[in-house]
Structures are given as structure tokens and as C-alpha cells.
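Please work through the exercises below with the sequence and the 3D structure at hand, and try each task before reading its solution.

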Amino acid sequence: MRNYVIRRLLLLILVLWGVTLVTFVLMHVVPGDPAKVLLGKLSGNEALVTKLQHQLGLDKPLVVQYFEFVKGVLRGNLGNSYKFKASVMSLILERMPATIKLTFGALIIGLLVGLSSGIISAVRRYSIWDTFSMIFAFIGVSMPVFWLAMLLQLLFAVKLGWFHVSGFEGLRDLVLPSVTLGLIYSASIARMTRSSILEVIRMDYVRTARAKGAPERIVIFRHVFRNALIPVVTLIGMQFGGLLTGAALTETVFQIPGVGKLLINSTLDLDYPMIQGGVIFVAIIFVLINLFVDILYAYLDPTIRYD
Amino acid sequence: MEAKRVISLVLTIALVLGIWAAPVNVAADQDAIISMTIGSTKAYVNLVPKTLDQPPVIINGRTMVPFRFIGESLDAFVDYNPTDKTVSYVLEGNNITLKIGSTTATVNGVSKTLDAAPVILKTGRTVVPVRFISEAVGATVGWNPTTHTVTITFKKEAVVIGGILHDYNGGDLDGFDPQSNTNLLLFNACRQIYSNVVTVGYKDFTIMPDVAKSWDTSSDGKTITFHLRNDIYFSDGTKLTANDVKFTFERCFDPNGPAYTSGVLDYYLTPVKIVGGQAKADGKASTVSGIKVLDDYTISFTLEQPYAPFIQVLAIPAFGILSEKAVTKMGDTYFAHPVGSGPFYVKEWQRGSHILYAANLKYFKGRPALDGVHIDIVEDENTQVLKFKKGELDVLYPPLAQYDELVKTYATNVYKTADMSYYRIDFNIKRKGPLQDISVRQAIGYAINREQILAKILKGQGYLAKGIFPPGLPAYNASLPGFSYDLAKAKQLMKDAGYPNGFSLEMVMRSGRMEDEHLALQEALKQIGITVNLKKLDSATYWQLLGAGETDIAYRNWWADFADPDNFMAPLFHTGTDSNMGWAKPEYDAIIEKAAKMTRISERIPLYQDLERKLIYQDVVQFPLWNTITTVISNPKVRNYYLHPSGVVAYYPVYLAH
């Protein structure tokens, strides 16, 4: 297992290199000049454009720009954001606490609601519970996140006055955004859990477990649930990554200073260092989460071996 | 010159007295006594003589007084709604609306009966019964039968010290370096945390002393010497001296400084032509020879030629006075650690979340009434509305989508002000095509039903424009003929130009910005057979295409940075600006340059008005659409939240009533 983890981490370097190369190429293929974006109305002034391009180092050959960037990354320096002037690393780190809090809040809600309704509807198939939770999941999957956010704000903040409409000052302010994201994510977790359990429940070893007289509770939780979890864990892992990097809409609606909004805006502003830094950040998160999920597979299903 | 010096001296004395009189030197502190005589244009407000354009009159035995004059003297928000024919005041939380020709009025939502209906007289001014209007705002009326003098006495409520105002920004600020951008967000921040050499009034562009207590101009009009106050400290405790002023302006010319690429230099200082400025910008000099420190509290600026709006330029928030020491010390991180000498300082700043301004208790004009201002960064319009409804925000600029409902619900706390703005259609005349024909450009103008767009889309927040200069600007010309919606004429013009079946045009727009208006314009032109291909672009591409003249028409606007006609003519019509897609005329350039050099506004105005007529009515370079109005709804506790025609609100006079 240790060798496997080391191999995967080494692979991370390769992934990061690939990702930066692809991003770099894409950034320069996409039309638009960051200097002109920064100049806005003044972008018609050629002298200023040239001056700013020089200041930003955009007048150097692309190859040189790329190697300077890689050199910076190797030294742990992602450069300075064109727009905010501050270092990319500090900008991302400054926004991490809010993002991490929101991610875990959403995940807790998502797991609680998603797993429980998924299990109930699988075990009590075709019951009123099943219908109810699958309708709920259907709505959750189709409902736009900002719409749900607005409904929650209207009911729990404006009408009932339990929470602030938006803002991010105390733990209480975490509730509405976490519920918003959590409910949306719980929908797909519920569906995945249900179908996965239904698949496993038909397996021979479940029948064997029942035949040998194990209580239903043990059958469901020890034999069915654990085996059914593998696809669910994959899904949760992907959602976890998505939450850490791209909850931009929720952040906007609830006025949360998170990473998602920062990354989206950097692409609109053609803020090259910020885009590069953001992509590296996203890549690291996803590689690490995938690694974690893979390790979890081995734990959940002892037949999976990595060595 | 001499006269100017006297005025500044009077202002200074008033200012000093204001500070001695009360800890908070805000206009609202003072009671108002207005006295007027029937049939006379002479009036007094707190013993200061004023001239009325409409004297008080007696109609059917009732004394009627000019509505706007009374309101403005009392410091109320005065509004006239031409569609409903209503006039209204908002004053200290009371909202009074009267209808022309009707004896029914509304006071805070309750109907009241008047003994005489308001009327509009020949002067264009509305007069209202004095007793009713005075009592509605809580003032008392006195009448002297021998002199026929009416006296209105209004006791202002006492300013309340303390409390935090909750306001919001619709987007994130890049930082607090005043020279780093020219957008409204930064201007607003700078207005709170910095002082300028001179500043403007809270509700208009009247120049007032700030760091400079007085100034004088040399006889050739090229050298202006400022006498600075010696009692101003920056928030880091250091004293503000003439060296800081010099440093601030020299930094604008630094080729490696923020002003060089932010537009602050290009838009505002390049036209001023300070001696030695260009040399520094070109890297040929380390200082600007035209800026001289005469002693710690005296500084002079020498210009290559007189520039009429120079003093006004100094009041632009971009020229907030920087502390040389702080900027040098902080270097590249100054933007996050600003040091100013304004009424507030930045106590907390979290990007994407909020800004907290705290009162500068040592502010040289007296501490602000508020303890602080909390600015939430709320991009989402729905969240803005919900936050206001819940009471998490004290003010709300109602978004168009919910405008009607909000303005109705909060009718008693709606404030409006006319912006110094000009919205228009730009024609790309240099590009080969049908637009080079003047009749086609005229036809486009006649095909647009501006009243309808104003009413339906902008919710009545604007006035139809007749020319370039908005009302309130010196040089505004009320006697221009204007344009009316005339589809038949538009079609005829198209036919005469040889395009009876129309053609197609390109129009650029930024996604998410004024989309409905663009769509309405597209619909309007369809009526005369013109197919408008709307290109929805990101900001960067939008400016690039406009700059390169790669579109046929564009719906654009201009907001004045200072109240001088030059601020419309030079940036919009002079060769070398980025506006108008490259169109300009050397003879017009000469007029613009000449007018800017003249110092008497009365002599400049005819030049500007003549040029305006040529550009709009003779050359049809642009089609003027409207001048906008800004609306804000506030919590009833909020006082003196004055909207400014530039869009920049000063928090200094604001207080929260009990």
C-alpha cells in the first residue's frame, strides 16, 4: 500500500505538469490580452498596452514565459495576481477557511440526508418513503442552487428571522449555505445509494447471510451497506472536490469569501497567474481526493489490492 | 484671483466657526429660518440673502411659495415626477407628496386635504400653499401683514452621534490605492478615507476647501498657489504637509506607478498639462518641475496654459492626498494598508465579504456622527433586496426587476437624485456603410421611443436628453429643440437615403450590463427595417472592439467626474480619446482646447453650446437618449444619506436618528 501511495504522489507531479501545460496553452489560444483587460477603456492606447505588457512580462516569448512560470512553481512561488496585485498563494489561502467550513458543512448535511433517505428507500422499496425520497431527490437534482438558496433565505432569514440573509461571521451563518449545497448534493447521493444497495441486495452472499439466520439489521449494515458504498464513496469524493473548488454560485448568493468565486473571476479577468495558480490548486485537490477514495476502496472491499 | 481669495476666506471662516459651534460640523445641525416677501425675488435663509426665480404670490387669498426653493433651503430631497405631475419632499423621515392641480396630498402615506391646489406658474416653478407645506414638514409659519413677509422656521432634529451604517457594494474592490482605478467602487472608498486639496459638496459639485483653506491664481492664470491647513494628521499620526501633496501628484506621473496605466493620469491629469508632468511620465525627469513646495503648508502648481476646470479636477477622489511616508513604507502592499486623513479609516477589509470603516475621531473637520460604516460585498441582487427587507442593510438601490414593488412598499423612504450622466447611441461614422449617411443616423433617432424605454425598462429613472450636457451642468441648454418619436419620419428618411428595405448593423454589448435596453433598441430599429446583430461580449473584448471601431453602433454612457462642460467635450469628442470610435474634427478640437483655456464660464458656455448643437443636430455624431436618476430606499432612521450626481456618496454627514 505504501508503495502505491508513493507512486500515486509521484504521478501527481506528472499530472500537475500536464495540467499547467494544457492550461498555459489554452490561456494563450483563447483570444484576449490581459493587459488590455486591465486597461479596460484605455485598451485602445497602444503605448499603454505595450507598457503594461512589459510590466507583466507578457512581451517575452511564450516559451520563456512558461519556463519562468514553472521555475516559480518549483520554488513555491505562483506569482502575483494581475488584478489584486497580491500573491496568488496568499489570495487562495486567505479564502480557504471559508471554503473548508462550507465544504464540511455541506458534506455533513449531504451525507446525513442522502445516505439515510437512500438506505430507507432501498430497504423499503416501493413504499411511501421510497416515493417521497425519490421525488425529493428528483427535485434536488433539478433545482438550481441559487433558487433553493433564495427560498431558504426568504423563509428562514426574512420570514422567521432565524439566520442572517447572507454574510459569514459566525457558525450560524454557515447553516443556510450548508443546507443549500448539502440538499443539492444529497439528492444524487440518495439516488446512488438506493440503486447501489438494490444491486447488492440481490447478491448471493446477502441471500447466504439471510439464510444463515442473521438479523436483518446486520444483513443490511454489515453485508449490504459496506459493499454498496463503493460507488457512493466515488461520488462523494468527486462532490467533495467540487465543493472545495467550485461553489461559486452559493458563495455569491450568501456573500461567502470562498475560493470558487475567486477562480471563476480570474478566468473572466484573464488573470493568468491566478488562473494557473487556481488550476494547480484544483488539480492537487482532485488528485489527493482520488487517492484517498482509492485507499478507502481497499478498506471497504478487501478483495481490492493495490500492490 | 482677488475675489476668489475672499470667497475662500469666507468659506474658511465659516468652516472654522462650524467646528467651534458643535462637535459635528454637518449641515443638518442648523435650524433654518426662511423669510420671503410677496412679489419680491429677494429672500433670506438664515439671514443669507438669496434670489428667487419665482417670488411668493397670493392666489385666491392663499399665500403660495416656491416648492423647490423651500425644500432645498430646508435640506430636503426634492423631486418632481413629470408623468404623475407630482412634487415631493423627503425630510427627516417625512415624505410629503402633492399633485399639481389637486387639493389632495399625501403625508407619510396618509391623505390630507389642502385649502389650495399646487400650481405651475409661467416661470416653470411650482408654488404650494405655505401653511400646508410648512406644517407638513413640522415647521412654523409667521406672517407680517405690514411688510407682507412670510417666515418659515424649521427646527432641525439634533444629530445623533454613534451607530454603524450598513451599506453595500455590488462588487469587490481591488484595494484602496486611489490612483489604481477610476471606478465608482474605489471613488466611493476614497471619498471616506482620504482628504483632497479641495472637495465637493455632499449633494452637488460646489467646490469647498479641504486640505487647502484658500488658494490664489496668478494674473496669467497659469500658477495656482494653495494655502494648506496646518492641523491635519494622517491616520498613522503623521502630519500632512505640502510635501505629501507634491508626492501624491508626482506619483501620478511615475511611469511605474499605478496612475500611469489606470486612467488617472490619462483621463484627469494629462489635460491639465502641469509643467514638467510629461517629462516625468516619459522618464526624463525624477520630479515634476511645475509642482513647487513653497513652505510646509504652501504649494503651487504651474500649468503650461490656463485650464478652467483645474480646481475641480483636484476634487476627484483619485487625488486623495497620500502620506509619503506610508506609501514608501508599504511599497507594493500599500493598496491593502491605506493611510488617509479623511473622516473614516479602514478598520477591516476582507475581499468578497466586507469592509469596515471606523470613524476618524481626530478628523480635522470634526468627528463623523457615525461610529463606522459596514459595507457588505453583495453581488447578488436578490440577496441585496432580502438583506434590506430583513434589516441587515440600511439602504438599498432598488434593482430594476423589483423596482416597482420596492418603491411602493417603502414609499415614504424613497430618495432620488439626478445624475450628472449622459446616455446615448454612438454611430461609427468612419466605417464604410449606410451610417455614413446623415439621414440614416437621424432615422435611427426618430425610430426610438425613448419615453417608453425610460418608463418601462428604467422605471422612469431618467429625463429625455436633448443634447450632450445634463441638467444641472453649466452649459446645459434647455432651449435645444430635442427629438420626438416619429416612426413615419424615420421611415421617410430611410427611403430618402435609399434604404427603404433597411440593412443590418452590428452592435456590441457587455453581457449582463443594460441588456434590456439593448434589446429594446434592437426592437426599435427593426421597425425601420434595420436588423441589429447584438454581439454579447466580455468587457475586455467589448472595449477592444469599440476602441478599434469594429462595431456600427453602441449604446454607451458617460458620467461626469467634475461639473464642467469640458469633462463632456474633451473625453467624448476630442481627437485621441478612446470614445466615438475614432471620429473627431480638428476644427472642433480647436474649440474644445480654446474653451478649456478661458477662465470665465460665461464666455465659455456659448462656445460649448454652439459645439453641442453642431455635434448633435448638424453632424448627428451621437443620438442623445437620456440623463439618469438614481434611486435609493433607506431605513427610516437614516439621515443625510445624500446621493451625489457623480454617484459617490459621502458618509461624513450621515447619522442614524433614534
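The exercises that follow concern a predicted model, and each task is followed by a worked solution.

**Exercise 1. Describe the fold of chain A from its secondary structure, its extent and its contacts.**

Begin with the secondary structure: chain A holds 13 helices and zero strands, and reading along the sequence accordingly gives the pattern α-α-α-α-α-α-α-α-α-α-α-α-α. Next, take the extent of the C-alpha trace, which spans about 85 × 55 × 30 Å along the principal axes of chain A. Then turn to burial, where 39% of the 307 residues in chain A count as buried. Finally, consider the contacts in chain A with a separation of 6 or more, of which 71% join residues 24 or more positions apart.

**Exercise 2. Characterise the side of chain B that touches chain A.**

Start by counting the participants: 31 residues of chain B are in contact with 33 residues of chain A. Then locate the elements of chain B on this side, where β24 (372–377), α11 (381–390) and α17 (539–548) each supply at least two residues. Lastly, sort the residues of chain B that touch chain A by class, which gives six nonpolar, 12 polar and 13 charged residues.

**Exercise 3. Determine how β20 and β21 of chain B are arranged.**

First establish the sense of pairing: strand β20 (residues 291–295) of chain B and strand β21 (residues 298–302) of chain B run antiparallel, paired over four bridges. Next, identify one bridge by its residues, for which Ile291(B) has Phe301(B) in β21(B) as its partner. To finish, examine the connection, where two residues lie between β20(B) and β21(B), and the two strands form a hairpin.

Terms used
Residues numbered from 1 in each chain as written. Chains lettered and ligands numbered in written order. Predicted model: local features only at pLDDT ≥ 70, side-chain atom pairs only at ≥ 80, totals over all residues. Contact = placed C-beta atoms within 7 Å. Nonpolar A, V, L, I, M, F, W, Y, C, P; charged D, E, K, R; others polar. Buried ≥ 20, exposed ≤ 12 C-beta atoms within 10 Å, placed from the backbone. Pairing = 2+ DSSP bridges.
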